[in-house]
Structure formats: C-alpha cells, structure tokens
Amino acid sequence: MFIEKMIDDDEVKRIATKVMDGNRISLAEGVILYDNADMATLGFLANKIREDKNGDHTYFNKNLHIEPTNRCVYSCKFCSYYQKKGEEGWEFSREQMLEKIANMGEEITEVHIVGGVHPQWDLHYYGKFFQDIKKLRPDVHIKAFTAVEISFIAKKSKMSVAEGLAALKEYGLDSIPGGGAEIFDEEIRQKVCPHKDTGEEWLYLHETAHKLGIPTNATILYGHIENSYHRIEHLNRLRELQDRTGGFNVFIPLKYKKENNELGYLGEVSIIEDIKLYAISRIFLDNFGHIKAYWPMIGKDISQLLLSFGVDDFDGTINDSTKIYSLAGAEDQSPSMSTDDMVKMIKDAGRVPVERDSIYGIIKEY
Ligand code: V47
Ligand code: SF4
C-alpha cells in the first residue's frame with residue numbers, strides 16, 4: 001500500500017495500515033500514532049476518513065451567536081471572557097436578545113446561545129426566553145448552553161440534571177453545544193478550572209441529554225498544560241460515550257488562546273500542533289460523523305487548510321456579537337461572514353459547500 005512506503009517507523013506503519021483497513025485503533029495506538037507519525041502521514045489518514053465519510057462536502061449553517069452575559073460564578077484560568085473585578089461586564093435583557101433574533105429575519109436557521117454562568121438567572125428565566133424565540137420563529141433551532149451552565153441553572157431551580165434537561169426541552173431547547181468539556185483528565189482539569197464541574201459530570205450530562213433525545217456537540221480545549229496522552233484519553237472518553245448513545249453530532253477542537261487570561265504565560269501552540277490535533281481527532285473518533293473548525297477561533301486561513309486534515313464543517317455565518325475568542329486574542333474581532341464569502345472560502349479549497357441544518361440535514365449544495 002502507498003502509505004506503507006511513506007513511513008519508516010514499523011509501529012507507526014502497523015497502526016497506519018490498521019486505519020487504512022478501516023479498523024479502530026486503541027488508546028495506546030492513538031498515542032503512538034500521534035507522537036510518532038509526521039504531519040503528512042496523519043493528514044493522509046485523516047483525509048481518507050474525511051472523504052470516506054463526507055466526500056468533498058463541507059458543511060456550514062446560517063446562525064447567530066448570542067452571549068447573554070459575561071458575569072460568571074466561575075473563574076476558569078484559561079478564560080478571557082468572564083467579568084473580572086473592576087472590568088465592565090454586560091447583561092443583555094431577554095428583550096434585547098429577542099430583538100437581535102428578530103433583526104435577522106429569515107436569514108438564520110439556528111441561534112447558538114452560550115455565556116457566563118450568571119449567579120441569578122435560573123432555568124425558568126431562560127425557559128421563558130426560549131418560548132419567546134419559538135413564538136417569534138417556530139422553525140429556528142435553539143442550540144444552547146454548555147453543560148456547566150445547564151447544571152447550574154437546573155440546581156438553581158431545584159431540579160436534577162435529567163429534570164432540568166427535560167424542562168429545557170419542553171421550553172424549546174433543540175440541542176446542546178460542545179463547550180465546557182475542556183480536558184477530562186482530573187489532575188489537569190483541577191489545575192485549569194478547579195471549580196468547574198468534573199469531566200465525569202460533563203459526560204453524564206451529555207449522556208442524559210442523548211437519552212432524552214437531545215443531540216449534543218463535543219469539544220476539547222487543547223494547547224495549555226496537557227500532553228498528548230491527556231488529549232487522546234479525552235477523545236477516548238468521548239468515543240466510548242458515542243458508542244453507547246450515538247448522540248454527538250460533531251467534534252470541535254478548541255485551541256487555547258492566550259490573551260487576557262491567567263494562563264497567558266504559556267503562549268500558544270504552533271499551527272503544526274493544530275493540524276496534527278485535528279487530524280488525530282478525525283482518525284481516532286471513528287464513530288463521529290463530523291469534525292468542525294470553528295473559524296472565529298482558529299482563523300479563516302487555517303480553517304481552509306484543515307479541510308485537508310479531517311475537517312468537513314465550518315460552523316456558520318455567526319453574525320456579530322461573539323466575544324469569547326475576540327477577547328482571547330483571535331484575529332477576527334467581529335466575526336461574521338456572508339454566505340457568499342463562506343461558499344467562496346470552501347470552493348477555493350477545492351471542496352463542495354453545503355448549507356446544513358443544525359443536525360446535518362442538507363439544505364442546499366452550492
Ligand atoms: O467552554 C474559553 C472555550 C468554550 C478559551 O458546539 C476557550 O458548535 C480557547 O464551546 N481559548 C465556548 N478556548 C465555545 C464553544 C463552542 C464554540 C463554537 C461552536 C461550538 C459548538 C461550541 O470556549 C468554552 C471553553 O471550552 N474557551 N476560553 C480560550 N482562552
Ligand atoms: Fe465562566 Fe465559562 Fe469562562 Fe469558565 S469558561 S469562567 S464557566 S465563562
């Protein structure tokens with residue numbers, strides 16, 4: 001096989017052949033491959049899987065990101081976003097957020113809502129907002145809240161995780177984004193976000209959502225103090241859960257960005273590290289349909305490049321106010337892309353742009 005000729009290391013060759021034959025690799029094999037294969041080998045394998053699963057299709061949707069507040073009861077060390085002492089914060093009222101949605105007209109099919117964990121707002125406060133969104137736009141998909149936001153608002157409203165999720169679904173929640181997973185390893189998590197829910201709690205909440213028929217996304221926050229074992233072990237826990245439920249739509253690697261947060265002294269990993277992480281994610285997560293490059297975080301140019309390293313999804317047009325990454329130092333300070341720009345960016349990379357709905361149904365192929 002062509003790939004065998006590319007590789008010198010016998011162990012890497014054995015594992016790469018296993019991948020080419022369509023077989024699952026173990027956690028230990030994942031670490032060996034990740035640590036020892038060069039970028040070209042990882043890219044070759046990841047691209048094969050990407051094309052087997054999705055051909056040349058590259059998905060995006062028309063969405064609006066809303067961040068209700070940056071007030072947060074937590075203070076994760078990597079976070080540039082939560083309101084620090086003496087800083088100006090923001091709290092959008094439900095009316096203001098509804099107006100943003102109304103202003104988009106028929107242009108969007110999804111509202112993505114993620115923010116800080118506000119000390120006062122409970123599940124019913126947001127539930128009422130969801131009801132108002134659905135009154136305004138019954139067809140719009142509500143993708144909202146990281147696991148830690150949901151567990152907090154459920155507790156505040158004296159509900160268990162399962163009861164909270166069921167109530168949110170009743171109010172209009174359609175799916176859950178992948179944030180808050182960070183890194184599951186307990187020791188590392190304790191160092192970067194000691195007060196946040198544990199990795200096991202994140203996984204439990206997502207499993208419960210899947211059982212209630214609420215699809216979710218998954219992420220990893222990479223490029224701070226974790227090593228390659230921690231990264232693959234994180235993927236392994238996600239793969240195990242996906243085997244049990246099939247409820248994940250997509251996996252999104254989130255690169256640690258260094259501006260305005262406590263871990264800034266670490267700097268940021270190189271583009272080589274980014275590419276290898278996306279590629280190994282595509283190779284290892286054999287039961288995930290899609291890998292997303294979130295362009296406001298990783299940048300448009302690198303996102304285009306990543307289409308050859310396992311990525312088949314670009315999130316969406318975003319339309320304005322997301323601050324999570326602009327505050328952390330992302331190049332795009334006011335992320336928003338027209339459909340024409342999105343289509344051009346995908347076509348320029350030699351792939352086929354496909355507008356999708358929030359659960360990967362095809363709306364339009366360009
Ligand atoms: O939970 C916070 C991460 C997440 C930093 O599901 C940081 O479609 C890097 O989850 N550097 C929120 N990352 C964003 C998120 C997301 C984004 C886009 C699409 C989807 C989806 C989900 O951002 C947080 C945290 O893990 N984060 N600070 C930082 N300095
Ligand atoms: Fe709060 Fe989320 Fe930032 Fe942690 S990552 S401090 S939970 S806004």
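With 366 residues, the protein chain would be expected, as a compact globule, to have a radius of gyration near 21 Å, and its 20 Å agrees with that; the radius is taken over C-alpha atoms, and the globule rule is 2.2 Å times the number of residues to the power 0.38. Please keep in mind that this is a predicted model, in which local features need pLDDT of at least 70 and side-chain atom pairs count only at pLDDT 80 or more, while totals for chains, interfaces and linings use all residues. Residues are numbered from 1 along each chain as its sequence is written, and side-chain values use heavy atoms, with hydrogens and water left out.

Along the principal axes, the C-alpha atoms fill a box of roughly 60 × 45 × 40 Å. Of the 366 residues, 60% count as buried, meaning under 20% relative accessible area with a 1.4 Å probe, protein chains only. If we take contacts (heavy atoms within 4.5 Å) between residues at least 6 apart in sequence, 75% of them join residues at least 24 apart.

The chain has 16 helices and ten strands, which are DSSP runs numbered from the N terminus, helices being H or I with at least four residues and strands E with at least two.

Let us now look at one strand, β1, which spans residues 57-61 and has five of its five residues buried. Which residues cover its two sides? His 57, Tyr 59 and Asn 61 lie on one side, with Thr 58 and Phe 60 on the other.

Strands pair if DSSP finds at least two bridges between them. Four bridges join β1 to β9 (residues 352-356), running parallel, and there Phe 60 has Glu 355 as its bridge partner. Two bridges join β1 to β8 (residues 313-316), also parallel, where Tyr 59 stands opposite Asp 313.

Notes. Chains lettered and ligands numbered in written order. Buried < 20%, exposed > 50% of the residue type's maximum accessible area, 1.4 Å probe, protein only.
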